[in-house]
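Hi,

Here is the structure I said I would pass on. Have a look at it first, then read my notes underneath.

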Amino acid sequence: ILLKMKIIKNIFELNKAINNYNNVGFVPTMGGIHKGHASLIKISQRKKLNTIVSIFVNPTQFNKKKDFDSYPRNIKKDIQILKKLKVDFLFLPNVKELYMKKMKKFNLKKSEKILCAKFRVGHFEGVLNVMNRLLSLIKSKHVFMGEKDFQQYFLIKKILGKKYKINIISCPTIRDKNKIAISTRNKLLNKDSIKKASCIAKELLNLKKNLDLKKLKMRVNLLKLKTYFEKMYKVKFDYLELRDEKNLKLKNFKSKCRIFIAYTISNVRLIDNF
Ligand code: AMP
């Protein structure tokens, strides 16, 4: 039994530390640890897995340098929180070592270039690249990912889940009392933006409750709603769309659907789904 969180800073230490374990649960993050991350960790721990958290602000998934530079980082506080949560291992790779090896890059199909793949060109290629590297090192069979980043979960499950024959487990979105999905980026919001983001989240949560009746009519209403939000809250939407959660298609819903949004508010880009 491990009592103390082991902090691992390079691949050599990683191999030494986790080679002996076959029941490892992996929670990849970019740090700024919050209740959303904590819920993923707790789900892994409930499954009695030795839990490894990685913190790595991955440069290849940022399509704007300014966004990468301003991404909130606070490793000292993160370590404190993760220790309290009784995480077994914390992996803190550096860019040079993680990207040293030449590995196959991933390209998305045309049909996959939707939602954030359309509006953040190269983003998911970067996410798949780093996750491919992390998964090749951390031989975990169970990876925990948040529904908050649904398209990320969807693509990793589809592309890397198959490749590594691993279990990609989706975990519910944790929200603040004001209903905003908790995110590291929320630290960049001012009071006014928080109020507006809270209103948008509440309205969409409400709408989702009454969704199943007439899905097609809903789509028309969503267009109106997007315009209404943009005018009312002075935000700019990349998308506000209703899609099937099994295949992310816009039509012929086979299973449950979700409302996906991405918008920019006072220079911060937020995403969510309901
Ligand atoms: P990030 O550090 O933002 O890259 O997120 C790391 C992981 O935590 C991803 O799988 C996210 O989907 C997940 N996550 C982030 N925020 C939340 C949240 N509010 N609720 C649940 N999971 C989350």
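Below is what I found, starting with the ligand site and ending with one helix.

Keep in mind that this is a predicted model. There are 17 residues around the ligand, and M30, H37, D149, I174 and I182 come nearest. By class, that shell is made up of eight nonpolar, seven polar and two charged residues.

The polar contacts I'd look at go through the protein backbone. A backbone N or O atom of G146 sits 2.9 Å from a ligand oxygen. On the nitrogen side, a polar backbone atom of I174 is 2.8 Å from a nitrogen atom of the ligand, and a backbone N or O atom of I182 is also 2.8 Å from a ligand nitrogen. As for burial, the ligand taken alone exposes 490 Å², and the protein buries 94% of that.

Which elements give two or more residues to the shell? They are β2 (24-29), α2 (35-46) and β5 (142-146). Of the elements, α2 gives the most, with three residues.

Now the helix. α9 runs over residues 191-209, so to speak a 19-residue stretch. From first C-alpha to last it reaches 27 Å, close to the 27 Å expected at 1.5 Å a residue. Its buried residues are S193, A197, S198, I200, A201 and L204. These lie on the same side of α9, because they cover an arc of only 165° around the axis. On the other side of α9, K191, K195 and K209 are exposed.

Cheers

Key
Residues are numbered from 1 along each chain as its sequence is written. This is a predicted model: local features need pLDDT of at least 70, side-chain atom pairs count only at pLDDT 80 or more; totals for chains, interfaces and linings use all residues. Side-chain values use heavy atoms; hydrogens and water are left out. A residue is near a molecule or strand if one of its heavy atoms lies within 4 Å of it. A polar contact is a pair of N or O atoms within 3.5 Å; within protein, one must be able to donate a hydrogen and the other to accept it, and residues adjacent in sequence count only if both atoms are side-chain atoms. Accessible areas come from the Shrake-Rupley method with a 1.4 Å probe; for residues, only the protein chains shown count as cover. Helices (H or I, at least four residues) and strands (E, at least two) are DSSP runs, numbered from the N terminus. Ala, Val, Leu, Ile, Met, Phe, Trp, Tyr, Cys and Pro count as nonpolar, Asp, Glu, Lys and Arg as charged, and the others, Gly among them, as polar. The expected span of a helix is 1.5 Å times one less than its number of residues. Buried means under 20% relative accessible area, exposed over 50%, partly exposed in between (1.4 Å probe, protein chains only). The arc is that of the directions from the helix axis to the C-beta atoms.
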